[in-house]
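Biologist: I should like to learn how to read strands, burial and aromatic rings in a model. May we take one feature at a time?

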Amino acid sequence: MVVTNEQLADIFEKMATLLEIKGDSVFKIRAYRRAGRTIENLSVSLENCVRDKEDLKQIPGIGKAINDKIYEYVETGRISVYDKLVEELPQGILTLMTVPSIGPKTAVLISNELDVTSLEELEQAILDNQLAGVNGIGKKTSENILRNLQELRTKDRRTPIAVALPLAESIIRRLESACEEPVNLYPVGSLRRWEETIGDIDIVCISSNPSSVSKAIVGFEEVSDVLVQGDKKTSVVLESGIQLDLRVADSKSLGSMLQYFTGSQQHNIRLREYANRKGLSVNEYGITNDSTGTLETFADEESFYNRLGLQYVPPELRVGINEISMAEKYILPQLIQENDLNGDLHIHTDWSDGRDSMEEMIKTAVELGYEYMAITDHSAGLGVAHGLSIDRLETHINNLHELQEKFAIRILCGSEVDIRADGSLDYPDEILDKLDVVVASVHSAMGQDSDKMTHRLIRAMNHKSVTMIGHLSTRIIGHRPSITFDMEQILLAAKSSGTALEINASPERLDLKDTHANLAKEFGIPLVLNTDSHNVDGFHNRRYGIAVARRAWCEPRHVLNTLPLSRFIEYVSAPKPERNEIFVANWPGVD
DNA sequence: GCCGTTTTCGGCCCGACTGTTTTCAGTCG
């Protein structure tokens with residue numbers, strides 16, 4: 001049986017909920033929940049750790065009890081304590097709690113009074129007027145539950161960041177122009193932490209007339225429902241099903257507000273625990289000295305963190321694992337930024353399935369200030385993408401050489417070459433030898449079992465012409481799951497063969513994902529941040545790829561295409577086994 | 001259940017809003 005971290009995270013999250021229903025200690029519940037979140041964000045596979053007999057207690061938030069339960073689950077596929085909890089609690093109670101506004105207390109109440117075990121039965125019971133009137137539940141609560149229940153069915157729980165971010169940006173622009181008084185709006189929450197999917201759009205607002213902002217948002221055409229409208233907080237649901245929370249702040253405490261609403265919740269809990277140990281209490285308004293009772297406010301986040309004796313923690317790192325203890329020692333990484341990139345090495349044109357011409361794509365790369373780029377149209381095997389036959393590829397290469405004369409950017413000849421089912425490449429060696437950059441990717445036979453897929457990928461990596469593996473997992477967020485393979489073997493092979501791994505910034509891919517990119521970085525494998533652009537707008541997706549790299553704790557030195565041109569050329573010109581050494585040597589003075 | 005430069009026991013983040021309550025419990029983030 002394969003055990004994924006997601007399964008383990010899910011089971012501990014469920015356990016926390018079951019204990020909540022049972023009315024167990026809130027601290028025990030919090031410990032399980034925290035363990036679940038930690039496991040979710042882990043880059044190593046716990047299954048592998050168990051097989052290697054590693055001590056999981058060194059992971060923050062995992063002690064003896066949870067360590068043993070993870071071992072039990074990996075070894076037997078069950079956790080007996082969990083099974084017992086499920087058995088002793090009413091059937092279907094976890095399902096009831098998936099409805100917003102139904103917490104543990106309400107779930108127990110509904111379960112006891114109405115004898116329902118599914119959402120369909122609950123809906124019917126409410127429609128039959130059985131819920132309103134049950135102790136503590138009035139007409140309004142009953143209506144709320146019904147509405148939340150029905151909404152749950154129609155909307156996806158989380159929205160991809162590439163949908164949520166442009167939407168938030170547009171709302172912010174429109175709110176700014178809709179208000180008469182000057183207003184400052186800041187996206188916070190999972191959006192600001194650049195998570196790959198977003199729960200709600202959270203915005204912090206500063207204005208001399210906050211109620212006018214609240215009024216403006218409620219009046220927007222696409223608002224389908226108003227959930228909360230108070231002095232400090234307004235929540236609405238948009239037609240798309242996305243919830244938007246607006247929170248009013250005072251400019252003198254903006255730093256604390258941004259910090260608090262950026263989260264993550266887990267980070268904030270850790271931060272407040274840390275502050276408590278120093279005799280300070282933290283809330284969204286500032287920091288209170290426990291002995292004097294005086295509240296100190298902060299106009300920006302940096303001074304807020306510094307007051308606590310901490311280095312500023314970039315939002316992408318605020319996950320609540322070990323960033324606070326590292327900030328305490330001032331050893332957080334200097335994360336990569338968009339302008340660190342000097343090139344893009346995965347670009348399609350209208351020669352294969354791209355929309356824009358080579359000239360247009362090159363011009364855009366020049367405008368971005370890049371020193372180099374690789375044009376990498378598809379290989380012949382990918383018929384649907386109008387892949388290039390050998391003859392067309394040779395013409396393509398000649399055309400690129402001619403174009404090179406006209407542009408002040410180094411244009412590398414490349415290809416995104418299909419990795420066939422057996423791990424061979426879609427072009428013969430003679431033509432691959434003529435290319436500067438080869439992105440090898442899986443586009444077919446994605447259902448292979450883990451062994452077969454692992455061997456297939458390793459065979460491709462061992463090819464002397466393959467510069468990097470493109471979008472390793474091939475997942476499409478929300479549509480297609482990752483292919484299955486043994487990550488550790490892939491990383492070992494990438495390292496020994498001198499093959500780089502791509503972070504594909506295309507927002508529906510984000511592949512490698514953050515935890516895998518982090519693992520690759522730890523293995524010392526060069527990462528390449530590519531947009532996989534199919535038109536000129538595609539280049540701007542690099543911000544999503546940068547977010548993945550930042551969430552993976554990457555500095556510029558971990559990413560190959562931050563190298564200046566001469567050093568990058570030195571890297572790709574060297575035989576593969578020598579490349580890792582060159583990559584490391586090209587960043588002198590860092591360990 | 002986890003954790004510790006005060007601790008191996010005794011702590012454990014903090015506030016806004018709603019609905020149904022006449023003072024607060026439940027939920028959410």
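Biologist: How many of the seven residues of strand β7 (residues 243-249) are buried?

Modeller: Seven of the seven are buried, so strand β7 is largely enclosed by the rest of the structure. Buried means under 20% relative accessible area, exposed means over 50%, and partly exposed lies in between, with a 1.4 Å probe and protein chains only. Helices (H or I, at least four residues) and strands (E, at least two) are DSSP runs, numbered from the N terminus. This is a predicted model, in which local features need pLDDT of at least 70 and side-chain atom pairs count only at pLDDT 80 or more, while totals for chains, interfaces and linings use all residues. Residues are numbered from 1 along each chain as its sequence is written, chains are lettered from A and ligands numbered from 1 in the order in which they are written, and side-chain values use heavy atoms, with hydrogens and water left out.

Biologist: Which residues point one way from β7, and which the other way?

Modeller: In a regular strand the side chains alternate between the two faces of the sheet. Here Gln243, Asp245, Arg247 and Ala249 point to one side of β7, whereas Leu244, Leu246 and Val248 point to the other; all are buried.

Biologist: In which sense, parallel or antiparallel, do β4 and β6 pair with β7?

Modeller: Strands of a sheet pair through backbone hydrogen bonds, either parallel or antiparallel. Two strands count as paired if DSSP finds at least two bridges between them. Strand β4 (residues 201-207) runs parallel to β7, with six bridges, and Cys205 has Val248 as its bridge partner in β7. Strand β6 (residues 233-238) is antiparallel to β7, with five bridges; there Ser235 is partnered by Asp245. The hairpin of β6 and β7 has four residues between the strands, and Gly241 in this hairpin takes a positive phi near 95 degrees.

Biologist: Which strands are at the edge of the open sheet β8-β9-β10?

Modeller: The three strands of that sheet pair in the antiparallel sense. Its edge strands are β8 (280-283) and β10 (295-296), each of which pairs on one side only. Strand β9 (residues 286-289) is joined to β10 by two bridges, and Thr288 has Leu295 as its bridge partner in β10.

Biologist: How many aromatic pairs are there?

Modeller: A pair of aromatic rings is described by the distance of the centres and the angle of the planes. Rings of Phe, Tyr and Trp (its six-membered ring) pair if their centres lie within 6.5 Å; planes under 30 degrees apart are stacked, over 60 edge-to-face, and the rest tilted. By this rule there are eight aromatic pairs. One of them, Tyr260 with Phe261, is edge-to-face, at 4.6 Å centre to centre and 80 degrees between the planes. Tyr260 is partly exposed, with a relative accessible area of 27%. Tyr571 and Phe583 are also edge-to-face, at 6.4 Å and 75 degrees. That pair links distant parts of the chain, twelve residues apart: Tyr571 is in helix α24 (residues 565-573) and Phe583 in helix α25 (residues 576-585). Both Tyr571 and Phe583 are buried.

Biologist: Which residue lies over the face of Tyr571?

Modeller: A charge sits over a ring if NZ of Lys or CZ of Arg is within 6 Å of the ring centre and within 35 degrees of the ring normal. Arg579 lies over the face of Tyr571, 5.7 Å from the ring centre. Likewise, the charged end of Arg174 sits over the ring of Phe220, at 4.7 Å from its centre.
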